[in-house]
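Let's take a friendly walk through the binding sites of this structure. The sequence and the 3D view come next, and the notes after them go site by site.

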Amino acid sequence: MSAPSQLSKHPHNNYFDFGAARQVPETHTWEGLYEHPLVDGGVGAAEDAVPVVDLRDPHAAEAVARASEQWGTFLLEGHGIPSELLARVEAGIASMFALPASEKMRAARQDGQSHGYGLPPIASYFPKTTRSEGYTLSPANLRAELRKMWPDAGEDYRHFCDVMEEFHRQMRLASDKLTVLFLAALGVAGVEAERKIVDTMSETVTMHLNWYPKCPDPKRTLGLATHTDSGFFTFVMQSHVSGMQLFRRGPDRWPGLVGVPPGALIVNISDLFQILTNGRFCSTYHRAVVNRDSTRVSVAYHLGPPAGVKVAPLREAVGCGKPAYRTVTWREYFLVRKEAFATGGSALQMVSLSPGDHKNHGDGADQISEISS
Ligand SMILES: C=C1C[C@]23C[C@@]1(O)CC[C@H]2[C@@]12CCC[C@@](C)(C(=O)O1)[C@H]2[C@@H]3C(=O)O
Ligand SMILES: O=C(O)CCC(=O)C(=O)O
Ligand SMILES: [Fe+2]
């Protein structure tokens, strides 16, 4: 099943030749990016080291719970995905984005479509354009989508499709293992209940490929605007070049994920998971910055339920308390988020049954400057 579409119009979806531009143009210049300080969020950093979880660790479920509650983001090691496969994915993505503009534009995202080449859906909610190109695909439509770029279906096409399908197979295995740990952490018992939730949580898989060309003046622009992911959870595989920053409150700051161990995957808890866990796991605002010396690629592997399935706080998470969120489908949630962007609010607050009463690090969307600018 494909991801729900949340697209209206894409005003920024014209091709911009980054290689030809010596400066960051006004259209790509973002204000207020450094209003909150950047801090070191790398492994081993003194204060803000992002947690690391090893899937092989016998205490991994507790580590997953702690990281999901306190950060909403962690680095995953021991996931079993061969590093040579990750290297082939990275090389394949880099070659795809290196195709001539005219070939890439054949796959351009059309109005109302959730798939295609171009900027990501949230781009249309911001007045400025990011320094990146993207391509949204689902495993089910991967061959048909990529055929638009490679109509002759030659060797490059077949090779890239094979690599991405193998990547998907391996990611599914890793995501199933991780989902079992999430459920153990939440106290969801019973094999049948578990199996059903595992399947539903990962029924909609969407891959978003990101390409961030190097930039002569990286501090003036962004690669990907500040956002939370909206599904259940997301894996991000990045090249050796760092670029993701997380937003943390108290005091407000941006830990940068620098020096991520090679092969580690970044895991981000997303909005529907915050709802499912009644606010126990938190969805974290993040953004991607660009780099002066190196072009960067990443793949975000988004997992979520079918678009029309109702998501409500789990009984196990509510306990004897009250549900903190109303029931919502992913399709509906996209509309709520669109309204939140239009009004400067927070989508999670808008579906909350007790607005204002949140521990979530990201609920102050209107206070992160580049969101409201
Ligand atoms: C399944 C999806 C999640 C996503 C919207 C989409 O339909 C396909 C692209 C995904 C992505 C990737 C970049 C950031 C993001 C916010 C965006 O605009 O497109 C996410 C979306 C999301 O998590 O809501
Ligand atoms: O490239 C990155 O580090 C971030 C990607 C991301 O957040 C996304 O695609 O949702
Ligand atoms: Fe994201």
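## Before we start

A strand here is a DSSP run of E with at least two residues, and a helix is a run of H or I with at least four; both kinds are numbered from the N terminus. Please keep in mind that this is a predicted model.

## The iron site

Which protein atoms serve as donors to the iron ion (ligand 3)? They are NE2 of His 227, OD of Asp 229 and NE2 of His 286, and they lie 2.1 to 2.2 Å from the iron ion. Read along the chain, the donors of the iron ion follow the spacing H-x1-D-x56-H.

Two of these donors bring distant parts of the chain together. His 227 belongs to strand E7 (residues 224-227), while His 286 belongs to strand E12 (residues 286-288), 59 residues apart.

## Around ligand 2

His 286 turns up again here: it is among the residues that come nearest to ligand 2, along with Asn 210, Tyr 212, Arg 296 and Ser 298. In total, 13 residues surround ligand 2. By class, this shell holds five nonpolar, six polar and two charged residues. Strands E6, E7, E12 and E13 (296-304) each supply at least two residues of the shell, and E13 gives the most, with four.

Three side chains have polar atoms facing oxygen atoms of ligand 2. For Arg 296, a polar side-chain atom lies 2.8 Å from an oxygen atom of the ligand. For Ser 298, an N or O atom of the side chain is 2.7 Å from a ligand oxygen, and for Asn 210 the corresponding distance is 3.1 Å. How much of ligand 2 does the protein bury? Taken alone, ligand 2 exposes 290 Å², and the protein buries 97% of that.

## Around ligand 1

The shell around ligand 1 has 16 residues, and the closest are Pro 121, Ile 122, Asp 229, Ser 230 and Arg 337. Asp 229 has already appeared as a donor of the iron ion. The shell divides into seven nonpolar, seven polar and two charged residues.

Both backbone and side-chain atoms make polar contacts with ligand 1. A backbone N or O atom of Ile 122 lies 2.9 Å from an oxygen atom of the ligand. From the side chains, an N or O atom of Ser 230 comes to 2.6 Å from a ligand oxygen, and one of Arg 337 to 2.7 Å. On its own, ligand 1 has 460 Å² of accessible area, of which the protein covers 99%. The elements that give two or more residues to this shell are strand E6 (204-212) and helix H9 (330-343). H9 gives the most, with three residues.

## The largest pocket

What remains is the open space in the protein. The largest pocket holds about 320 Å³. Its lining counts 17 residues, and the closest to the centre are Lys 196, Ile 197, Leu 276, Ala 312 and Leu 314.

Which class leads in this lining? Nonpolar residues do, with twelve, next to one polar and four charged residues. Helix H6 (191-201), strand E14 (310-311) and helix H8 (315-318) each supply at least two residues of the lining. Which element gives the most to the lining? The answer is H6, with five residues.

Technical notes: Residues numbered from 1 in each chain as written. Chains lettered and ligands numbered in written order. Predicted model: local features only at pLDDT ≥ 70, side-chain atom pairs only at ≥ 80, totals over all residues. Heavy atoms only, no water. 1 Å grid on protein atoms, 1.4 Å probe; cavity = no way out; pocket = protein on both sides within 12 Å on 5 of 7 lines; lining within 4 Å. Points joined across faces, edges and corners; volume = space filled by probe spheres on them. Nonpolar A, V, L, I, M, F, W, Y, C, P; charged D, E, K, R; others polar. Near = heavy atom within 4 Å. Polar contact = N/O pair within 3.5 Å; in protein donor to acceptor, adjacent residues only side chain to side chain. Areas by Shrake-Rupley, 256 points an atom, 1.4 Å probe, with all protein chains shown as cover. Donors = N, O, S within 2.8 Å, 3.2 Å for Na, K, Ca; no water.
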